[in-house]
Amino acid sequence: MEREAVVNANYHVILKDVHKSFINAGSQAITTNSYGVVPGVGFSVDDIAKYVATAGRLAREAVTESVIHDGQSALVLGSLPPLLESYRPDKVMNHIEGVQVYSVFVKALTPFVDCFLAENISSVEEASQAVEAVGLANESQIPMLVSFTLNSAGLIRSGESAVDGVPRIIEFAKEKNVQLLGILFNCSEPEAITKALQLH
């Protein structure tokens with residue numbers, strides 16, 4: 001249903017209404033419904049550009065048509081998802097191909113978003129592809145967030161330590177002239193996040 005909502009125009013009003021329901025409930029940000037529009041499920045580059053832009057437009061329209069809380073409109077976060085499969089660091093595109101596909105996302109989302117969100121990222125390599133794409137294709141200098149997913153041991157799904165991996169991404173973003181607003185963790189057990197942040 002997630003992909004159908006953006007691909008099938010019959011669902012666009014429903015998708016906007018879902019965005020609006022979060023905003024009207026007080027959400028300060030919404031995320032574009034572009035997570036499932038990836039080559040891993042058969043979308044071509046042209047389709048990705050088309051449907052990701054649609055997802056961005058619908059999210060922006062939802063913000064424009066919603067009530068402003070405390071004088072501020074909700075932010076639109078542009079989803080940069082795993083390109084092949086979630087939770088699978090062994091199924092990450094090679095660096096050049098990954099950067100090329102993420103660049104399509106970035107270009108399609110740029111007119112509509114306030115911040116990019118690389119979400120459910122399972123390795124430092126996967127994160128670096130998204131970061132580099134934002135640096136290359138982001139003429140508007142829109143900032144980004146990177147959100148890793150952790151295993152039950154508190155490691156990034158690739159087996160890399162968050163304590164080691166996070167500084168690497170911060171440094172890489174600086175090298176690529178990307179404004180990295182923060183590092184997050186999502187789709188992870190709370191206990192895993194606690195483990196990830198324990199310094200030894």
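This note goes through the sheet, the salt bridges, a surface patch and some single residues of a predicted model.

1. **The sheet.** Five strands make up an open sheet, and their order is β1-β2-β3-β4-β5. The pairing is parallel. Strands of a sheet pair through backbone hydrogen bonds, in either a parallel or an antiparallel manner. The edges are β1 (29-31) and β5 (180-185), each of which pairs on one side only. On average, neighbouring strands of this sheet are turned by 25° against each other, with direction ignored.

2. **β3 against β4.** Strand β3 covers residues 115-121 and strand β4 covers residues 144-148. Four bridges join them, and they run parallel. For a point to inspect on screen, take I121, which stands opposite F148 in β4.

3. **β4 against β5.** Five bridges join this pair, again with β4 and β5 running parallel. Here V146 stands opposite I183 in β5. The connection can be followed too: β4, α6 and β5 make a β-α-β unit, and the unit is right-handed. Helix α6 spans residues 162-175.

4. **Salt bridges, the count.** How many salt bridges does the model hold? The count comes to nine. Side chains of opposite charge can pair when their charged atoms come close. The cut-off here is a side-chain nitrogen of Lys or Arg within 4 Å of a carboxyl oxygen of Asp or Glu. Three of the pairs are taken up in the next points.

5. **K16 with E65.** This salt bridge has an N to O distance of 3.0 Å. The pair links distant parts of the chain, 49 residues apart. K16 sits in helix α2, and E65 sits in the loop between α3 (45-64) and β2 (75-80). K16 counts as buried because its relative accessibility is 14%, under the 20% limit. E65 has a relative accessible area of 44%, so it is partly exposed.

6. **E65 with K20.** E65 also meets K20 in a salt bridge, at 2.7 Å from N to O. K20 belongs to helix α2 and E65 to the loop between α3 and β2, so this pair ties together parts that are 45 residues apart in sequence. K20 counts as buried too, because its relative accessibility is 18%.

7. **K91 with E85.** In this salt bridge the closest N and O atoms are 3.5 Å apart. Both partners are worth a look for exposure. K91 is partly exposed, at 37% relative accessibility. E85 is partly exposed as well, with a relative accessible area of 34%.

8. **A shared network.** Which residues are joined through shared salt-bridge partners? K16, K20, R57, E61 and E65 form one network. E65 shows how the sharing works, since it bridges to K16 and also to K20.

9. **A nonpolar surface patch.** I14, V18 and F22 make a nonpolar patch of about 270 Å² on the surface. I14 is found in helix α2, which runs over residues 12-24. I14 qualifies for a patch because its relative accessible area is 44%, and patch residues need over 30%. That value makes I14 partly exposed.

10. **Positive phi at N120.** Most residues other than glycine have a negative phi. N120 departs from this, with a positive phi near 60°. N120 lies in strand β3. Is N120 buried or exposed? N120 counts as buried, because its relative accessibility is 3%. A check of the backbone around N120 is easy to make on screen, starting from its phi.

11. **Positive phi at N177.** N177 is not a glycine either, yet its phi is positive, at about 60°. The setting is the loop between α6 and β5. N177 counts as exposed because its relative accessibility is 56%, over the 50% limit. So of these two asparagines, N120 is buried and N177 is exposed.

12. **E189 and V101.** E189 is found in the loop between β5 and α7 (190-196). E189 is partly exposed, with a relative accessible area of 43%. From E189 to V101 the separation is 88 residues in sequence. In space, C-alpha to C-alpha, E189 and V101 are 29 Å apart.

Methods. Residues are numbered from 1 along each chain as its sequence is written. This is a predicted model: local features need pLDDT of at least 70, side-chain atom pairs count only at pLDDT 80 or more; totals for chains, interfaces and linings use all residues. Side-chain values use heavy atoms; hydrogens and water are left out. Patches are made of residues with over 30% relative accessible area and no salt bridge: like charges are joined within 9 Å, nonpolar side chains (Val, Leu, Ile, Met, Phe, Trp, Tyr) within 5 Å. Accessible areas come from the Shrake-Rupley method with a 1.4 Å probe; for residues, only the protein chains shown count as cover. Helices (H or I, at least four residues) and strands (E, at least two) are DSSP runs, numbered from the N terminus. Buried means under 20% relative accessible area, exposed over 50%, partly exposed in between (1.4 Å probe, protein chains only). Two strands pair if DSSP finds at least two bridges between them. Axes are lines fitted to C-alpha atoms, for helices over the stretch in contact, and angles run from 0 to 180 degrees between N-to-C directions. A crossover is right-handed if, with the strands pointing away from the viewer, the path from the first strand over the helix to the second runs clockwise.
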